[in-house]
Amino acid sequence: MNYELLEKQMRSLLGDDDVPVTVLSNAAALLWEALSDINWVGFYIYKSGRLHLGPFQGKPACANIEPDKGVCGAAFSQRKTLTVANVHDFAGHIACDSASNSEIVVPLHDSYGALIGVLDIDSPLVGRFNQQDAAGLEIIEQVIAARLSNFMRPIRNSVKAIIIRDHKLLANKCMDKRTGRVFYGLPGGGQEKYETFVDTLQRECMEELGIEVKVGELVLVREYIGRLHEEFSYKHMDVHQMEYMFSCDLIGEVNLSRACNMDREQTDYEWLPLSNLKEYQLYPLTLRDRLLPDGGIIGPVYMGAVN
């Protein structure tokens, strides 16, 4: 399957539309036409504790699925793509169509990066899907996600940790699945309902790096408007968030075995030497000018809508 071509077709088909039912309906239709040897493709959207059937192509399907149930529930709860060569060997498989023998499920996000459901594809063939399909469909999911801006509030709060030890900065190591480009970012993420900034930062650091942190002072604030940044606009076209960066102390050591919800593009972590920060694609890029080789931080300051 030529996923590079499919990505271009999906981007052209979805255009500037941001009505979720329209976006998902057209996406399902294109996947149905483009992918060979499949007998069902569609979306499940999470609401009120369950995954609910969304736009699809194929036979009538299960109306709702519990998280952790079946391949869809497992992919949703584990927040990762699952490829199952033989669904009959998968514990807890939900048989909506007895003709289905293999399945691939990709977590579905909105344009803010929040998990909102799954993309589910079935095939009557055993072993129909492989790692090439998984990688290709994850890129297709990003194209779809960029058009799903109406699932969340227009502006989101994000909280980040600046952790410095021995003149090095702790950063998430990431890889752009579309280009293969390696880049780095601060640990942290979106604020959930009823959380304080401290709550958010402590939760995100544990989820991404398996670490506990002592949250210190707010030192930097950045406004992120996705469409202004060429390298990320294809997946963040409708993202608008305020990023609050706190100086933090690391308690103990990084333990990725405790990390339970790493970012989609996060592959590892790395301690970046402050004296050589400009050698790394660390985002926001202007952060490299604010962190001094001796461990100092030029702040507190609002940096504006910068990269």
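**Figure 1. The Arg-50 and Glu-66 pair.** In this predicted model, Glu-66 is partly exposed, because its relative accessibility is 33%. Its partner Arg-50 is also partly exposed, at 34% relative accessibility. The two side chains meet in a salt bridge, with an N to O distance of 2.9 Å. Arg-50 belongs to strand β2 and Glu-66 to the loop between β3 and α3 (70–78), so the pair ties together parts that are 16 residues apart in sequence. Side chains of opposite charge can pair in this way when their charged atoms come close.

**Figure 2. The Arg-165 and Glu-253 pair.** A salt bridge joins the side chains of Arg-165 and Glu-253, at 3.0 Å from N to O. The pair links distant parts of the chain, 88 residues apart: Arg-165 is in strand β7 (residues 156–165), and Glu-253 is in the loop between β12 (240–251) and β13 (266–273). How exposed is each partner? Arg-165 has a relative accessible area of 27% and is partly exposed, whereas Glu-253, with 53%, is exposed.

**Figure 3. The Lys-173 and Glu-270 pair, and a network.** Lys-173 and Glu-270 form a salt bridge in which the closest N and O atoms are 4.0 Å apart. Lys-173 sits in strand β8 (residues 168–175) and Glu-270 in strand β13, so this pair ties together parts that are 97 residues apart in sequence. Lys-173 is partly exposed, with 26% relative accessibility, and Glu-270 is partly exposed, with 23%. Elsewhere, Glu-195, Arg-203, Glu-204 and Glu-207 are joined into one network by salt bridges that share partners. The whole structure holds 13 salt bridges.

**Figure 4. The open sheet and its edges.** Six strands, β3-β2-β1-β6-β5-β4 in that order, make up an open sheet with antiparallel pairing. Which strands lie at the edges? They are β3 (64–65) and β4 (82–84), each of which pairs on one side only. Helix α2 packs on this sheet and touches β1, β2 (50–58), β5 and β6. The direction of α2 makes about 50° with that of β2. Strands of a sheet pair through backbone hydrogen bonds, either parallel or antiparallel.

**Figure 5. The pairing of β5 with β6.** Strands β5 and β6 run antiparallel and are joined by 8 bridges. One place to follow the pairing is His-109, whose bridge partner in β6 is Leu-115.

**Figure 6. Two hairpins, β1 with β2 and β2 with β3.** Strands β1 and β2 run antiparallel and are joined by 7 bridges. In this pairing Trp-40 stands opposite Gly-58 in β2. The hairpin formed by β1 and β2 has 2 residues between the strands, and Ser-48 in the turn has a positive phi of about 55°. Strands β2 and β3 also run antiparallel, and 2 bridges join them. Here Leu-51 stands opposite Ile-65 in β3. The hairpin of β2 and β3 has 5 residues between its strands.

**Figure 7. The largest nonpolar core.** This core has 28 residues. Which of them touch the most other members? They are Met-10, Leu-31, Phe-43, Leu-108, Ile-121 and Ile-144. Two or more residues come from each of α1 (3–14), α2 (20–34), β1 (40–47), β5 (102–109), β6 (115–123) and α4 (131–145). Helix α2 gives the most, with 6 residues. In soluble globular proteins, nonpolar side chains tend to be buried together.

**Figure 8. The surroundings of Leu-108.** Leaving aside residues up to four places away in sequence, Leu-108 touches a set of residues that includes Leu-24, Phe-43, Ile-45 and Ala-114. Also among its contacts are Leu-115, Ile-116, Gly-117, Val-118 and Leu-119. Glu-141, Ile-144 and Leu-148 are touched by Leu-108 as well.

**Figure 9. Cysteines without disulfides.** The model has 0 disulfides. Why is Cys-174 not bonded to Cys-205? The sulfur of Cys-205 is the closest cysteine sulfur to that of Cys-174, but at 14 Å it is too far for a bond. For Cys-205, the closest cysteine sulfur is in Cys-248, and the distance of 6.0 Å is again too far for a bond, because a disulfide needs two sulfur atoms within 2.5 Å. Cys-174 is buried, at 8% relative accessibility. Cys-205 is buried too, with a relative accessible area of 0%.

Note on methods
Residues are numbered from 1 along each chain as its sequence is written. This is a predicted model: local features need pLDDT of at least 70, side-chain atom pairs count only at pLDDT 80 or more; totals for chains, interfaces and linings use all residues. Side-chain values use heavy atoms; hydrogens and water are left out. Buried means under 20% relative accessible area, exposed over 50%, partly exposed in between (1.4 Å probe, protein chains only). A nonpolar core is a set of buried Ala, Val, Leu, Ile, Met, Phe, Trp, Tyr and Cys residues joined through side-chain atoms within 4.5 Å. Helices (H or I, at least four residues) and strands (E, at least two) are DSSP runs, numbered from the N terminus. Contact means heavy atoms within 4.5 Å. Two strands pair if DSSP finds at least two bridges between them. Axes are lines fitted to C-alpha atoms, for helices over the stretch in contact, and angles run from 0 to 180 degrees between N-to-C directions.
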